[in-house]
Amino acid sequence: MPVTRRRVFALLAGAATAVGVPSVWISKMKTYDGPTSDHFDGMRFFDPDGVPPKSLAEVLRWQFGSDRKRASWPDWVPNAHSDTPPPRVSGDKVRLSFVGHVSWLIQTRDLNILVDPVWSLRASPLSFAGPKRHNDPGIAFDALPKIDVVLVSHGHYDHLDIATLSKLTEKFSPRVITPLGNDVTMRDTDAAIKAEGFDWQDRVELGNGIAVTLVPTRHWSARGLFDRNKALWASFVLETPAGKLYIVCDSGYGEGKHFRRVAEQHGPLRLAILPIGAYEPRWFMKDQHMNPSDAVKALADCGAREALAHHHGTFQLTDEAIDAPVNALADALKEAKIPPERFAALKPGQVYEI
């Protein structure tokens, strides 16, 4: 395939989404300014137990290398399910509705919480290029109940979708809880977004007895040319009446330290939501995205009673086939002698209750 100018833009937009490659079309943006810590050097955040992000040369090798094997996805996959959530869920039950990719609606104790909401057609800094949806959101935007809280894990375009956040703000005006620096990004684009930035290990009361703690995860962040790792990234431990939910939106596995540490500091966990997609080629992706085998090891490490899979089947960020993550998850569970019902992969629009 010839390397046209449009293809270069499309591939770099896809790389920006998948791995946070600095986007050459964004010149400058406001970034976090705060005191140093054991994971912030005064300019950039870092993971003491992680590795630096890939270089631009490695990105170009992946995108344009002659040995690249990128699976072809179908243009569109109609959803078999569509959820119309209730206005509220009272009592001690927790209702989780899978919107698609990493987006979830979590309802409990009369509180409605969205995780990494993306309703846009593209997960990209460009309207005409970059990863495009292959299925509709499992909940139509107009079918959403009143949203009280939004959790945004980090700044990559398939997680922090300003267009969706602005629509949510206009309609519901929710609190937006996010790691340090991402609040700056949101407010710099739309001052109406009620973004609140927090550090790792900060615990935030959400109301009605629900709280969330931001915990370290093996990843990184960037949206523009000058902001590599200038905003923090995190996973979430959500305290609910049914038990603690460990929500991992993006993470590599490494040696499993992050997952074992969460088990030690926040266990026991009732449910883990773990990524299983965007993992090929492994030489490039292993440090920032788990494959299904890694996710099964992460489940064992964190000790959650059960797990749900996400980060697959909606946006083609990397090279594996659309159905490869779910098939590989089944194989990894069988090899680990874990019952398949303990780690379920929902389709958009399906609901899970605990």
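1. Trp119 is buried, its relative accessible area being 12%, where buried means under 20% relative accessible area, exposed over 50% and partly exposed in between, with a 1.4 Å probe and protein chains only. Trp119 forms an aromatic pair with Phe141 that is edge-to-face, with 5.9 Å centre to centre and 85° between the planes; rings of Phe, Tyr and Trp (its six-membered ring) pair if their centres lie within 6.5 Å, and planes under 30 degrees apart count as stacked, over 60 as edge-to-face and the rest as tilted. Both partners lie in the loop between strand S3 (111–115) and strand S4 (149–151), 22 residues apart, and Phe141 is buried as well, with a relative accessible area of 9%.

2. A word on the basis of this note: this is a predicted model, in which local features need pLDDT of at least 70 and side-chain atom pairs count only at pLDDT 80 or more, while totals for chains, interfaces and linings use all residues. Residues are numbered from 1 along each chain as its sequence is written, and side-chain values use heavy atoms, with hydrogens and water left out.

3. As to the overall form, the protein chain has eight helices and 14 strands, these being DSSP runs numbered from the N terminus (helices H or I, at least four residues; strands E, at least two). The radius of gyration is 19 Å, which agrees with the value near 20 Å for a compact globule of 354 residues; the radius is taken over C-alpha atoms, and the globule rule is 2.2 Å times the number of residues to the power 0.38. Of the 354 residues, 58% count as buried, and the C-alpha trace spans about 55 × 45 × 40 Å along its principal axes.

4. Returning to aromatic rings, a search of the whole structure finds ten aromatic pairs. The rings of Phe40 and Phe45 have centres 4.4 Å apart and planes at 35°, so this pair is tilted. Both Phe40 and Phe45 are buried, and ring pairs link them with Tyr32 into a cluster.

5. The same kind of search finds 19 salt bridges, a salt bridge being a side-chain nitrogen of Lys or Arg within 4 Å of a carboxyl oxygen of Asp or Glu. One of them joins the side chains of Arg68 and Asp319 at 2.7 Å, N to O. Arg68 lies in the loop between H2 and strand S1 (95–100) and Asp319 in the loop between strand S12 (306–310) and helix H8 (324–335), so the pair ties together parts that are 251 residues apart in sequence. Both Arg68 and Asp319 are buried.

6. The side chains of Arg260 and Asp301 also meet in a salt bridge, 3.6 Å from N to O. Because Arg260 lies in helix H5 (residues 257–266) and Asp301 in helix H7 (residues 292–302), this pair ties together parts 41 residues apart in sequence. Arg260 is partly exposed at 32% relative accessible area, whereas Asp301 is buried at 18%. Elsewhere, salt bridges that share partners join Asp83, Lys93, Arg95 and Glu353 into one network.

7. What makes up the nonpolar surface patch of about 250 Å²? Leu56, Leu60 and Phe64 make this patch, under the rule that patches consist of residues with over 30% relative accessible area and no salt bridge, like charges being joined within 9 Å and nonpolar side chains (Val, Leu, Ile, Met, Phe, Trp, Tyr) within 5 Å. Leu60 is found in helix H2 (residues 56–64) and counts as partly exposed, at 36% relative accessibility.

Conventions: Areas by Shrake-Rupley, 256 points an atom, 1.4 Å probe, with all protein chains shown as cover.
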